[in-house]
Amino acid sequence: MNHNDRVLDPAKMPAHIAIIMDGNGRWAQKQGHERTFGHQNGVEAVRSVIEGAGEMGVRYLTLYAFSTENWNRPKEEVEMLMGLLVKSIHNELDKLMKNQVRLMMTGRMEDLPESCRAALQEAIDRTAANKGLTVVLALSYSGRAEIVDMARNIARQAAAGTLAPEQITPETVQQHLYHGDIPDPDILIRTGGDFRISNFLLWECAYTEFFFVPTMWPDFRKTDLREIVLDFQCRERRYGKTGEQVREQ
C-alpha cells in the first residue's frame with residue numbers, strides 16, 4: 001500500500017495532541033531573514049494544523065507558544081511575539097467561530113501584557129460554547145511552574161486542615177493542575193529537529209507517544225500531522241503491561 005493511501009482508524013484517533021512549535025528562528029535565518037520573520041510564517045502552520053486536527057476529529061490540541069523561559073529572549077523579539085499573538089487572535093477569531101473551535105489558555109496569564117490578556121480573554125469568552133476542537137495555547141507556561149503551583153495549592157489545603165497528606169493521590173495532583181479535566185496528551189510532537197521536551201507538560205506526558213521531526217515549524221502542515229497520527233495508530237501502548245496483556249483486552 002502506498003504511504004499516502006493509508007487510512008486513519010477512527011477508533012484509534014488520539015484525543016489530545018500537543019505540539020512544541022520549534023524552528024521558527026532557524027528557518028528565518030537560513031533564508032537570510034530576522035528571526036521574527038519565522039514567527040510570522042509560523043502562523044500559517046498553526047492555521048493548517050488546527051484545520052487538520054479538526055478534520056480528523058481530535059478533541060484537544062495544545063500548542064506550546066511561549067514558555068516562561070522565553071521571557072529571557074531579546075526584548076524586541078518578545079514584543080513582536082506578543083503583538084503577533086494579539087493580531088493573530090483578532091484575525092482568526094471569526095474562522096474559529098465558524099469552525100466551532102474553542103480556545104483555551106494554559107500558563108500564567110498574569111505574566112502577559114494587558115493587550116494580550118484582553119485579546120485572549122475575549123477569544124476565550126466568545127468561543128467558550130463551541131463544540132468542536134479545543135485549542136489550548138500554552139503561554140508563559142512551564143511544566144515545573146505548573147507543578148510548583150499545583151504543590152502550593154495542595155499545601156494550602158493541607159495547612160488549612162481540609163486535606164490530609166495521606167489523602168493525596170495522583171488524582172489529587174491531576175485535579176490541581178492548570179487544566180486537570182483535559183485528558184493527557186496521546187501524542188507529543190516537536191518540530192525543528194531537537195530531541196527534548198523543554199519543560200512542557202511534564203506530569204501529563206507520563207505515557208505520551210513522542211514524535212521528534214526535523215521539519216521546521218513554518219514548513220509543518222496538516223499533511224505532516226496526518227502522517228504522525230497514522231504512525232501513532234501503529235504503535236502499541238502498554239502502560240506498564242506486556243504486549244500480550246494489551247492484545248488480550
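**A parallel sheet, its covering helices and its enclosed spaces**

Strands β5 and β6 run parallel and are joined by four bridges. In this pairing, Ile 187 of β5 has Glu 209 of β6 as its bridge partner. The model described here is a predicted one, and this pair of strands is a convenient place to start a walk across its sheet.

On its other side, β5 meets β1, again in the parallel sense and again over four bridges. Here Ile 19 is the residue that stands opposite Ile 189 of β5. Side chains in a regular strand alternate between the two faces of the sheet. Both faces of β5 are covered: Ile 187 and Ile 189 are buried on one side, and Leu 188 and Arg 190 are buried on the other.

The whole sheet is open and has six strands, in the order β3-β4-β2-β1-β5-β6, with parallel pairing. Its edges are formed by β3 (102-106) and β6 (209-212), each of which pairs on one side only. On average, neighbouring strands of the sheet are turned by 20 degrees against each other, with direction ignored. Strands of a sheet pair through backbone hydrogen bonds, in either a parallel or an antiparallel arrangement.

Towards the β3 edge, β2 (residues 60-67) pairs with β4 (residues 134-141) in the parallel sense, over seven bridges. Leu 61 stands opposite Val 135 of β4 in this pairing. Helix α2 (residues 35-56) packs on the sheet and touches β1 (16-20), β2 and β4. The direction of α2 makes about 160 degrees with that of β2. Strand β4 is also joined to β3, which runs parallel to it, by five bridges. Val 135 appears here too, as the bridge partner of Leu 103. Although β3 is an edge strand, β3 is mostly covered, with four of its five residues buried.

Helix α7 (residues 222-232) also has residues that are shielded from solvent. Its buried residues are Leu 225, Glu 227, Ile 228, Val 229, Leu 230 and Phe 232. An α-helix has 3.6 residues a turn, so residues three or four places apart point the same way. The elements that cover the buried residues of α7 include β1, α2, β5 (187-190) and β6. Helix α2 thus reappears, having been met above as a helix that packs on the sheet.

Two residues stand out for their backbone geometry. Most residues other than glycine have a negative phi. Gln 100, which is not a glycine, has a positive phi of about 60 degrees, and Leu 201, likewise not a glycine, has a positive phi of about 50 degrees. Gln 100 lies in the loop between α3 and β3, while Leu 201 lies in the loop between β5 and β6. Their surroundings can be set side by side. Gln 100 counts as partly exposed because its relative accessibility is 34%, which falls between the limits of 20% and 50%. Leu 201 is buried, because its relative accessible area of 7% is under the 20% limit.

Leu 201 is also found beside an internal space. A search of the whole structure finds one cavity of 30 Å³ or more. The largest cavity has a volume of about 130 Å³. Its lining consists of 15 residues, and those nearest its centre are His 16, His 179, Ile 182, Leu 201 and Glu 204. By class, seven of the lining residues are nonpolar, six are polar and two are charged.

The largest pocket holds about 1100 Å³ of space. Its lining is made up of 47 residues, with Met 21, Val 46, Tyr 64, Ala 65 and Trp 217 nearest its centre. At least two lining residues come from each of α1 (24-30), α2, β2, α3 (75-98) and β4. Helix α2 gives the most, with 10 residues. The lining divides into 22 nonpolar, 12 polar and 13 charged residues.

Helix α3, one of the contributors to this lining, is also where Glu 79 is placed. Glu 79 counts as partly exposed because its relative accessibility is 47%, which is not over the 50% limit for exposed residues. Glu 79 and Ser 140 are 61 residues apart along the chain, and 14 Å separates their C-alpha atoms.

Technical notes:
Residues are numbered from 1 along each chain as its sequence is written. This is a predicted model: local features need pLDDT of at least 70, side-chain atom pairs count only at pLDDT 80 or more; totals for chains, interfaces and linings use all residues. Side-chain values use heavy atoms; hydrogens and water are left out. On a 1 Å grid over the protein atoms alone, a cavity is a set of points where a 1.4 Å probe fits but cannot get out, and a pocket is an open set with protein on both sides within 12 Å along at least five of seven lines; lining residues have an atom within 4 Å of a point. Grid points are joined across faces, edges and corners, and a volume is the space filled by probe spheres set on the points. Ala, Val, Leu, Ile, Met, Phe, Trp, Tyr, Cys and Pro count as nonpolar, Asp, Glu, Lys and Arg as charged, and the others, Gly among them, as polar. Two strands pair if DSSP finds at least two bridges between them. Axes are lines fitted to C-alpha atoms, for helices over the stretch in contact, and angles run from 0 to 180 degrees between N-to-C directions. Contact means heavy atoms within 4.5 Å. Buried means under 20% relative accessible area, exposed over 50%, partly exposed in between (1.4 Å probe, protein chains only).
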